[in-house]
Amino acid sequence: KHDYCPLNLRHWQVRFKKITAELYSYNADIVCLQEILPTAFSSDFLPFFQSNGFLGSYFRDTKSSKSVSIATATFIKTSKFKVLDEKSVYFSSCIEHAVHTGKLKKKL
């Protein structure tokens, strides 16, 4: 699919190591990722972040008709923050039909 990229760099484990090295280098307290598959979250991202002192949450659209849908993941450094509550908000549910029109409505 991505012919411009060398084949060895298209393998998930190679990509995952590069992604986590980049994320680790930011020394962030909160990390938000999008387009995360459920298996990548549970078997790769969550263990990585937990071993670095983070709590992870995975949010996927429960209204999606796809059996395996991509989602977002948020990781919070537990030494800096205490999670009191969590809630996912989908922008599409915030559209006010009489107010939002045009490009904004399409984007949401």
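Where is Ser57 found? Hello everyone, let's start there. Ser57 sits in strand S2, which covers residues 54-59. One thing to keep in mind as we go: this is a predicted model.

So, what surrounds Ser57? Ser57 has a relative accessible area of 12%, so it counts as buried, the cut-off being under 20%. Its side chain makes a polar contact with the side chain of Glu86, at 2.7 Å. If we set aside neighbours within four places in sequence, the residues in contact with Ser57 are Phe41, Thr72, Ala73, Thr74 and Glu86. You'll notice that Glu86 turns up in that contact list and is also the partner in the polar contact.

Now to a charged pair. How many salt bridges does the count come to? The count comes to 1 salt bridge. The partners are Lys77 and Asp29, whose side chains meet at 3.8 Å, N to O. This pair links distant parts of the chain: Lys77 belongs to strand S3, residues 71-77, while Asp29 lies in the loop between helix H1 (12-25) and strand S1 (30-36), and the two are 48 residues apart. As a bit of background, side chains of opposite charge can pair when their charged atoms come close.

Are these two partners buried or exposed? Lys77 is buried, with 14% relative accessibility. Asp29, on the other hand, is partly exposed, with a relative accessible area of 27%. If you'd like to look around Lys77 on the screen, and again leave out neighbours within four places in sequence, its contacts are Asn27, Ala28, Asp29, Gly53 and Phe54. The salt-bridge partner, Asp29, is one of that group.

Next, let's visit a pocket. The second largest pocket has a volume of about 220 Å³. Three elements each give two or more residues to its lining: H1, S1 and helix H2, which runs over 38-51. Which of them gives the largest share? That is S1, with 4 residues. The full lining is Trp12, Arg15, Ile19, Leu33, Gln34, Glu35, Ile36, Leu37, Ala40 and Phe45. By residue type, the lining divides into 7 nonpolar, 1 polar and 2 charged.

Let me pick one residue out of that lining: Ala40. Ala40 lies in helix H2, and at 11% relative accessibility it is buried. Outside its neighbours within four places in sequence, Ala40 is in contact with Trp12 and Phe45. Both Trp12 and Phe45 also appear in the lining of the second largest pocket. There is a distance to look at here as well: Ala40 and Ile70 are 30 residues apart in sequence, and their C-alpha atoms are 9.9 Å apart in space.

My last stop is in helix H2 too, at Ser43. What does the side chain of Ser43 come up against? One of its polar atoms lies 2.5 Å from the backbone oxygen of Thr39. Ser43 has a relative accessibility of 47%, and that makes it partly exposed.

To recap, then: we saw Ser57 joined to Glu86 by a polar contact, Lys77 paired with Asp29 in a salt bridge, and a pocket lined by residues including Ala40. Thanks for listening, and please do turn the structure around and find these places for yourselves!

Notes
Residues are numbered from 1 along each chain as its sequence is written. This is a predicted model: local features need pLDDT of at least 70, side-chain atom pairs count only at pLDDT 80 or more; totals for chains, interfaces and linings use all residues. Side-chain values use heavy atoms; hydrogens and water are left out. A salt bridge is a side-chain nitrogen of Lys or Arg within 4 Å of a carboxyl oxygen of Asp or Glu. Buried means under 20% relative accessible area, exposed over 50%, partly exposed in between (1.4 Å probe, protein chains only). On a 1 Å grid over the protein atoms alone, a cavity is a set of points where a 1.4 Å probe fits but cannot get out, and a pocket is an open set with protein on both sides within 12 Å along at least five of seven lines; lining residues have an atom within 4 Å of a point. Grid points are joined across faces, edges and corners, and a volume is the space filled by probe spheres set on the points. Ala, Val, Leu, Ile, Met, Phe, Trp, Tyr, Cys and Pro count as nonpolar, Asp, Glu, Lys and Arg as charged, and the others, Gly among them, as polar. A polar contact is a pair of N or O atoms within 3.5 Å; within protein, one must be able to donate a hydrogen and the other to accept it, and residues adjacent in sequence count only if both atoms are side-chain atoms. Contact means heavy atoms within 4.5 Å.
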